[in-house]
Amino acid sequence: SFGTEGKNIVLYVQDPGDNCEFQCQVGTSEVEKIESHAIEKEEVPIETIILLDNSLSVVEKYRPTIRTIMSELAANRMNGEQFTIAVFSDEIHYLAEKCTDYVQVKQAIDGITYNNQETYLTDVLYTILSKMNQENNTENKATLKRIVIISDGVDNKSIGYTKEELYDALEKTPYPIYTLGCTYKNNNEQLKNMFVLSRLTGGESWLLDDVSDPMTIIDSISSLNHTLKVVITPKDKDCDGTRKGVNLTVKSGEQSVSDSIEIVMPFS
């Protein structure tokens, strides 16, 4: 996950281990100034967005497990972590937004009801991504965000956006997405489309039928808490507002891992 803050580029690296070193290249320039720290030192270390499909196709047998997973995620929150809880049909309904108060989040979860309605995850998720990107630009903050989606899948019959448009948006802003799938009638294709969201963004996916202990899901999603925020200050000549390749190398002992992304440069 990445963004810009002021003149700096922000990248997030998940649990690279102790005593690691960073090297970074922006365009053709070597970066001289790189700083990193654990996200827990941030005022808002992470924002968790939970999106629940509360249609009747998420059948009764899954609902206690879903409530447990949502409640445990809130109970295992980091200090300062913000929670957004939303249900969706053809549009999104926020039950708690950017909330740090556990009692309020728990009340929102406990008050969820399931209704007879059509759901369009593609449109809803596209709208949320647009909103998150707009907030980042307005606030000039690149807070780490994770999205947890609980649904019976992505429907191809989207009203507005196609799933290809959604995938394209996710590649530009790869917030990690964790998908929890529920079986309903013959929905293999819809579940496959939903699990792709996790593969595209470095998240994980689960079929709830296969989950015997909900804590395995909690532990996996919570592993993102052990993330470093890497702040890169590019050279003035590279701060020109154009799209440039950013290559980050993480060295730990004898091992090194590199990854490249394209980022719109800040203006100097």
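This report looks at one sheet and two helices of a predicted model.

## About the model

Local features here need pLDDT of at least 70, and side-chain atom pairs count only at pLDDT 80 or more, while totals for chains, interfaces and linings use all residues. Residues are numbered from 1 along each chain as its sequence is written, and side-chain values use heavy atoms, with hydrogens and water left out.

## A four-stranded sheet

Let's begin with the sheet. It is open, has 4 strands in the order β4-β3-β13-β14, and its pairing is antiparallel. β4 (29-30) and β14 (255-264) each have a single partner strand, so they stand at the edges with one side lacking a neighbour in the sheet. Strands are DSSP runs of E with at least two residues, helices are runs of H or I with at least four, and both are numbered from the N terminus. Two strands pair if DSSP finds at least two bridges between them.

β3 (residues 21-26) joins β4 through 2 bridges. Gln 25 has Glu 30 of β4 as its bridge partner.

## Helix α4 and its cover

Next comes helix α4 (residues 163-172), whose buried residues (under 20% relative accessible area, 1.4 Å probe, protein chains only) are Leu 166, Tyr 167, Ala 169 and Leu 170. They line one face of the helix, because they fall within an arc of 160° seen down its axis; the arc is that of the directions from the helix axis to the C-beta atoms. Their cover includes α3 (121-139), β10 (177-181) and α5.

## Thr 201 in helix α5

Thr 201 belongs to α5 (residues 188-201). At 8% relative accessibility, Thr 201 counts as buried. Leaving out residues up to four places away in sequence, Thr 201 touches Leu 170, Pro 174, Tyr 175, Pro 176 and Ile 177, where contact means heavy atoms within 4.5 Å.

Definitions and conventions. Buried means under 20% relative accessible area, exposed over 50%, partly exposed in between (1.4 Å probe, protein chains only).
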